[in-house]
Amino acid sequence: MNTEYRYTFLEKGWFAMQSNLFIDAGSWQDPGGRLSDLVEFSNSALFTGAGIRFIHRRIFNAVFRIDYGFSLGSKPNSGIVFGIGQYF
């Protein structure tokens with residue numbers, strides 16, 4: 001699950017820039033694991049963070065994103081993610 005708040009702070013013709021605050025919750029299955037691993041509480045995680053979006057309107061609204069997230073749970077994970085496109 002993912003929810004986010006975006007704010008457009010620059011929009012000029014073919015280019016736009018947005019800030020982004022988000023919260024992500026989910027779980028995962030280790031390689032070779034059981035399907036039931038997806039519903040075990042020990043495999044769940046909650047993250048929050050902030051990011052920036054660069055939107056090129058002439059290339060079909062292409063989105064280039066940079067996010068920094070950190071864990072709100074007991075797992076000490078954090079990091080930067082670079083991506084192209086939207087999550088959803």
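Which residue forms a salt bridge with Glu4, and how far apart are the closest N and O atoms? The tour returns to this pair after a look at the sheet; note at the outset that the model is predicted.

**The sheet**

Begin with the strands in a cartoon representation. There are 5 of them, forming an open sheet in the order 1-2-3-4-5, and the pairing is antiparallel. Select strand 1 and strand 5 (78-84): these stand at the edges, and because each has a single partner strand, one side of each is left without a neighbour in the sheet. Viewed from one strand to the next, the twist averages 15 degrees.

Next, select strand 4 together with strand 5. The two pair in the antiparallel sense over 7 bridges. To locate one position in this pairing, display Ile66 and its bridge partner in strand 5, Phe82.

**Glu4 and Arg6**

Now show the side chains of Glu4 and Arg6. Arg6 is the salt-bridge partner of Glu4, with the closest N and O atoms 2.6 Å apart. Glu4 is partly exposed, at a relative accessible area of 23%. Arg6 is likewise assigned as partly exposed, its relative accessible area being 28%.

**Arg53 and Asp67**

Proceed to Arg53 and Asp67, which also form a salt bridge; here the closest N and O atoms lie 2.6 Å apart. This pair links distant parts of the chain, since Arg53 belongs to strand 3 and Asp67 to strand 4, 14 residues apart. Are these two residues buried or exposed? Arg53 has a relative accessible area of 1% and is buried. Asp67, at 5% relative accessibility, counts as buried as well.

Keep Arg53 and Asp67 displayed and add Glu4 and Arg6 to the selection. These four residues are linked in a network of salt bridges.

**Glu11 and Arg57**

Finally, select Glu11 and Arg57. They form a salt bridge in which the closest N and O atoms are 2.9 Å apart. Distant parts of the chain are again linked: Glu11 is in strand 1 (residues 2-12), whereas Arg57 is in the loop between strand 3 (44-56) and strand 4 (62-71), 46 residues apart. Glu11 is exposed, with a relative accessible area of 51%, and Arg57 is partly exposed, with a relative accessible area of 33%.

**Checking the selection**

How many salt bridges does a search of the whole structure find? The search finds 4, among them Glu4 with Arg6, Arg53 with Asp67 and Glu11 with Arg57.

Conventions
Residues are numbered from 1 along each chain as its sequence is written. This is a predicted model: local features need pLDDT of at least 70, side-chain atom pairs count only at pLDDT 80 or more; totals for chains, interfaces and linings use all residues. Side-chain values use heavy atoms; hydrogens and water are left out. Buried means under 20% relative accessible area, exposed over 50%, partly exposed in between (1.4 Å probe, protein chains only). Helices (H or I, at least four residues) and strands (E, at least two) are DSSP runs, numbered from the N terminus. Two strands pair if DSSP finds at least two bridges between them. Axes are lines fitted to C-alpha atoms, for helices over the stretch in contact, and angles run from 0 to 180 degrees between N-to-C directions.
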